[in-house]
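Subject: Structure for handover

Dear colleague,

Here is the structure I promised to pass on. Please look through it first; my notes follow below.

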Amino acid sequence: MKESARQARAESRIIGFVPTMGALHAGHTALAQRAKQQCAPVVASIFVNPKQFGPNEDFTKYPRTLEADCEKFSAAGVDALFLPAAAEIYPSGFRTYVTVEGLSDRLEGRSRPGHFRGVATVVLKLLEIVQPNFAYFGRKDAQQVRIISQMARDLNLDTEIVVSPIVREPDGLALSSRNAYLNPDERRAAIVLHRALEAARAELTAGVRDSLHLQSIIRRALQAEPLAAVDYAEIVDADAFEPVTRIARPCYALLAVFIGKTRLIDNLYIEPVGDSGELAYHL
Ligand code: AMP
């Protein structure tokens, strides 16, 4: 992989990179399609990174669908698929980790200690190997892409981080490899995340700017679903990922909710446009 990346760079080709953990869905292929519009070659990776899973998380049962994944990436125009083994990425004696301070221990990081250290470490390694000009990430994992962008800036990486919108099912559920864990009742219940974010958007459209009010609207919507248990539901500044009191700059409404045993995340990105106090919403 490194050798062909070096060669592509030497030929001044524009390398696009889509890192994933596989079990591909239309959210992943949308990233590849976007890369395809801007880059050649497009490289995608599938690596279920053991270091970003906690001891009681789903590393061993994470869905692995390699054959179908190859077909999907190939249909999306991916030129090269990088499938490293865990022992190649973390040979014995591996000791170096990346920690993006401040952003990594709140929200997802608080619920999943060590998660972002594992993510930042593997993403830096993958970027070093693939040497992409552009790397493509989904806004579904808003805190993750914020942390990766910070890392890219702090470590002077030669890669521009590109963020794409969330791809959803027709009923609003954000596509996720973990949706495969849901039984039919849970699948029906899972739309409550999107419904809660839609409720917040309706309040914002009606002029509400107070975060506590929005948070209570979101929590009430989530509590209406008996199969849902809220991990967190917060309104945060899109830069610092710290709580805000009023929506006056780019913000996220961030959700992590258990549907049965399956933990799902989703978010609404809220962005002021112009000076009029008007907002744009990205669900
Ligand atoms: P994963 O395989 O879950 O690690 O995700 C790989 C990449 O796909 C990450 O950049 C995710 O943010 C992105 N992604 C996952 N789900 C979606 C989605 N529903 N819409 C857009 N991007 C997504």
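In which loop is proline 41 found? Proline 41 sits in the loop between helix H2 (26-38) and E2. The peptide bond that joins alanine 40 and proline 41 is cis, with omega at about 5°. Please keep in mind that this is a predicted model.

A second backbone feature concerns leucine 107, which has a positive phi of about 50° although it is not a glycine. Leucine 107 belongs to the loop between helix H4 (86-89) and helix H5 (108-111). For context, most residues other than glycine have a negative phi, and most peptide bonds are trans.

Domains

The domain assignment splits the chain into domain 1 (2-164) and domain 2 (177-282). Taken over C-alpha atoms, the centres of domain 1 and domain 2 are 25 Å apart. Across the boundary, 21 residues of domain 1 are in contact with 21 residues of domain 2.

The parallel sheet

One open sheet is built from 5 strands in the order E3-E2-E1-E4-E5, and the pairing is parallel. Its edge strands are E3 (80-82) and E5 (160-164), each of which pairs on one side only. On average, neighbouring strands of this sheet are turned by 25° against each other, direction ignored.

Strand E4 (residues 134-138) runs parallel to E5 and is joined to E5 by 5 bridges. In one of the pairs between these strands, tyrosine 136 has valine 162 of E5 as its bridge partner.

Two helices that pack on this sheet are worth listing:
- Helix H3 (residues 66-75) touches strand E1 (16-20), strand E2 (42-46) and E3, and its direction makes about 165° with that of E2.
- Helix H6 (residues 115-130) touches E1, E2, E3 and E4, and its direction makes about 145° with that of E1.

The antiparallel sheet

Another open sheet has 4 strands in the order E6-E7-E8-E9, with antiparallel pairing. Strand E6 (228-237) and strand E9 (279-282) stand at its edges; each has a single partner strand, so one side of each is left without a neighbour in the sheet. The twist from one strand to the next averages 15°.

Strand E7 (residues 251-259) pairs with E8 in the antiparallel sense over 9 bridges. Here cysteine 251 stands opposite isoleucine 270 in E8.

Helices pack on this sheet as well:
- Helix H9 (residues 192-205) touches E6, E7, E8 and E9, and its direction makes about 20° with that of E8.
- Helix H10 (residues 211-223) touches E6 and E7, and its direction makes about 160° with that of E6.

Cavity

How many cavities of 30 Å³ or more does a search of the whole structure find? The search finds 1, and about 50 Å³ of space lies in the largest cavity. The residues that line the largest cavity are Lys140, Leu173, Ala174, Ser176, Asn179, Leu193, Leu264, Ile265 and Asp266. By class, this lining has 5 nonpolar, 2 polar and 2 charged residues. Strand E8 (residues 262-272) gives the most to the lining, with 3 residues.

Regards

Notes. Residues are numbered from 1 along each chain as its sequence is written. This is a predicted model: local features need pLDDT of at least 70, side-chain atom pairs count only at pLDDT 80 or more; totals for chains, interfaces and linings use all residues. Side-chain values use heavy atoms; hydrogens and water are left out. Two strands pair if DSSP finds at least two bridges between them. Axes are lines fitted to C-alpha atoms, for helices over the stretch in contact, and angles run from 0 to 180 degrees between N-to-C directions. Contact means heavy atoms within 4.5 Å. On a 1 Å grid over the protein atoms alone, a cavity is a set of points where a 1.4 Å probe fits but cannot get out, and a pocket is an open set with protein on both sides within 12 Å along at least five of seven lines; lining residues have an atom within 4 Å of a point. Grid points are joined across faces, edges and corners, and a volume is the space filled by probe spheres set on the points. Ala, Val, Leu, Ile, Met, Phe, Trp, Tyr, Cys and Pro count as nonpolar, Asp, Glu, Lys and Arg as charged, and the others, Gly among them, as polar. Domain bounds come from an automatic or database domain assignment.
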